[in-house]
Amino acid sequence: MQSSGQMVVASRLSDGRVVFLGTGAQWVEDLQLGALARHKDEGEALLQSARKAEAANQVVEAYLITVETIAGKRRATDWRESIRACGPTVRTDLLTHTS
Amino acid sequence: MYRYDEFDHTLVAERVAVFRRQVERRLTGDITEDQFKPLRLPNGLYLQLHAYMLRINVPYGCLSSRQLRKLAFIARRFDRGFGHFTTRQNIQFNWIRLDEAPDILAELADVEMNTMQSSGNCVRNITADQFAGRARDEIEDPRPWCELIRQWSILHPEFGYLPRKFKIAVTGAASDRAAVKFHDVGLYLRRNAEGVIGFEVIVGGGQGRTPYVGLTIREWLAKEDLFSYLEAILRIYNLGGRRDNPNKARIKIQVNALGIDEFRRLVEEEWAEIKASPLLNVDPAEVARITAYFAPPAWEDLPEETVALDRLRKAQPAFDAWYRANVVGHRTPGYAIVNLSLKSPGIAPGDLTAEQMDRVADLADRFSLGELRVSHRQNLVFTDVRQKELHELWTELARISLATANIGTLTDIVACPGLDFCSLANARAIPVAQDISRHFSDAATLQDIGELTINISGCMNACGHHHVGHIGILGVEKKGQEFYQLTLGGSSAEDAALGERLGRAISADEVPAAIEALVARYKSLRSGDERFLDTWRRVGIEPFQDAVYGEGVTPRREVA
Ligand code: HEM
Ligand code: SF4
């Protein structure tokens, strides 16, 4: 089964870490746990909520990305976004991956 | 080495205090991101793919063991245990928190380091020959001049909002190890016909999306006129640089649009007006004061150790390979300059862990009078090693994976952070470097291939200097996939040249085989001990295109 949707990604203001907008307007570090918009309207609503979080100085540079779900696991379709979501592909000895 | 005086200390301390307040105001929401960005960037703090990145100045590549220990501490306490040395002789940390950034600046100030002007449209860190003051082919140590230029340019009231960033490099050596012709302004210390040392001034060099080799604007400039002349260049640029388009805003675009003769005329006209200003005169007493900081250390009276070293080299081929590739002649008998390769197979070029930093600092104290340098090829240098201690140092360096015998060879790869860290990237650079370095890890093979530089950039901004690699590799994106465009024949040395595009871009998997094919073709074509670059210059592009794309195939040219 494959399906696609949209999520909001942003950088957390305090530490710059990559975060995804969750279901209850909170921000999560794991792509798998963020809110997934199935339709354009839902995507817009997520983005609106993210703009509020920007105004409230929680996050910066929020935008929508496309994710697909394959066998129950989500993945950013764009290569850059997938590196953002999963961390660098190098120095994995020194880093912790989130997904 | 330069030491901060009370003015420097006050300036840097005030700057830290101001930044701390700015960060507080941002975190509490007093100021918006749009208001904050122009405040954080001049402190070297970027927001990158995964976190904030902090760029710390290593002034003209000079570092003390004490400073390196502090960097190790920062890596451990505030980052993930490693740092990345860059082509601008700086160090970057990739996992910084905004709320901790002011503490880091305070830690740095403790050891006389700062991040001022490491970003933004101002005069950036001055870069120099990493062997400055020690090289045999040098007519004068460029470091005092770098420091004088740093002091002239830091918080210069007129040049804080230039059209774009401005990079200056200086060397006093015959061999150009500082890519002088690829800077906004490049300075070569030169003698004139009367034998007096002054500067040849180069202007308008640069890389990025529109690369240019710099042009000579003045064959010889008297030392006392340095500031007034630089001031004149920057004024003409400040007035005429293209502020309307960031892609055309560097001085190289202005110089090439006007033509060097017209640009020179404008500069000389401006210069004539300000030349006599006492404010801009280089004061000999000040030069003497600054030069004293860089006085040669008290070298011991030592004999050349040729015989003993020969014996060790014969007995241990691995030591011999390292000696040949990484050890450079020193201007003083009995001493040597030693390159520490940050390019062991499979490592991200320029990366150093906190543990390695601490060990290197200890070794610098033990073997190199407590000082080291960062090179623009992302390696470290010990400047004053006693020849009789070379073997011992080699053994110690090998323990921390810093004795790879590959300086100047194909695996001494320069690479920018690329898509693994950089938000502007099109493709990754580090894994490509790792693949190549694993593929060619045999020291004897590297020695046989000889001098061959590879430079990799993750996008056309060219932070990895791909335009000037003997082999350049540029990451491009095609339909969401990473591809790599090869260029051949670039050089950042005194024979400066821009690489020529070989043909269609190839996938990451194809890169090591393509390098292998280029090397094999070079080996079959070289005459005598000709370098790769010289063979290329002699035979041209076609044999190399055939090697990579197959005989008779016309490689489709494309725009990256
Ligand atoms: C981390 C984020 C970085 C960003 C956002 C960045 C941005 C840029 C941009 C936009 C340019 C093109 C400038 C122009 O042509 O006007 C450039 C050029 C350059 N950067 Fe970076 N860079 C980054 C990291 C680095 C690193 C890690 C290095 C050293 C390895 C570096 C060294 C250089 C150099 C040497 C150039 C080309 C020379 C020139 O200025 O023409 N930069 N960079
Ligand atoms: S060349 Fe591009 S990818 Fe590499 S560091 Fe510079 S801006 Fe980033």
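Which residue is the only protein donor of the iron atom of ligand 1? In this predicted model, that donor is Cys463(B), whose SG atom lies at 2.2 Å from the iron. Along the chain, Cys463(B) sits in a loop of chain B, with strand β17 (454–457) on one side and strand β18 (471–478) on the other.

The surroundings of ligand 1 come next. A shell of 23 residues encloses the ligand, and Cys463(B) is among the closest, together with Thr87(B), Lys167(B), Gln207(B) and Arg250(B). By type, the shell consists of 9 polar, 7 charged and 7 nonpolar residues. Polar side-chain atoms reach ligand 1 at several points. Lys167(B) places one 2.7 Å from an oxygen atom of the ligand, and an N or O atom in the side chain of Arg250(B) is 2.8 Å from an oxygen atom of ligand 1. Lys165(B) pairs instead with a nitrogen atom of the ligand, at 3.2 Å.

The nonpolar cores can be followed separately. The largest one contains 113 residues, and those with the most contacts inside it are Leu71(B), Leu226(B), Ile233(B), Trp322(B), Val338(B) and Phe382(B). The element that gives the most to this core is helix α6 of chain B, spanning residues 226–240, with 9 residues. Val338(B) serves as an example of the packing: leaving aside residues up to four places away in sequence, Val338(B) touches Trp322(B) and Phe382(B), and its other contacts include Asn326(B), Val327(B), Leu380(B) and Leu397(B). A second core, separate from this one, has 35 residues, including Val432(B), Leu446(B), Ile541(B) and Tyr549(B).

Note on methods: Residues are numbered from 1 along each chain as its sequence is written. Chains are lettered from A and ligands numbered from 1 in the order in which they are written. This is a predicted model: local features need pLDDT of at least 70, side-chain atom pairs count only at pLDDT 80 or more; totals for chains, interfaces and linings use all residues. Side-chain values use heavy atoms; hydrogens and water are left out. A nonpolar core is a set of buried Ala, Val, Leu, Ile, Met, Phe, Trp, Tyr and Cys residues joined through side-chain atoms within 4.5 Å. Buried means under 20% relative accessible area, exposed over 50%, partly exposed in between (1.4 Å probe, protein chains only). Helices (H or I, at least four residues) and strands (E, at least two) are DSSP runs, numbered from the N terminus. Contact means heavy atoms within 4.5 Å. A residue is near a molecule or strand if one of its heavy atoms lies within 4 Å of it. A polar contact is a pair of N or O atoms within 3.5 Å; within protein, one must be able to donate a hydrogen and the other to accept it, and residues adjacent in sequence count only if both atoms are side-chain atoms. Ala, Val, Leu, Ile, Met, Phe, Trp, Tyr, Cys and Pro count as nonpolar, Asp, Glu, Lys and Arg as charged, and the others, Gly among them, as polar. Donors are N, O and S atoms within 2.8 Å of the metal (3.2 Å for Na, K and Ca); water is not among the atoms, so sites may look incomplete.
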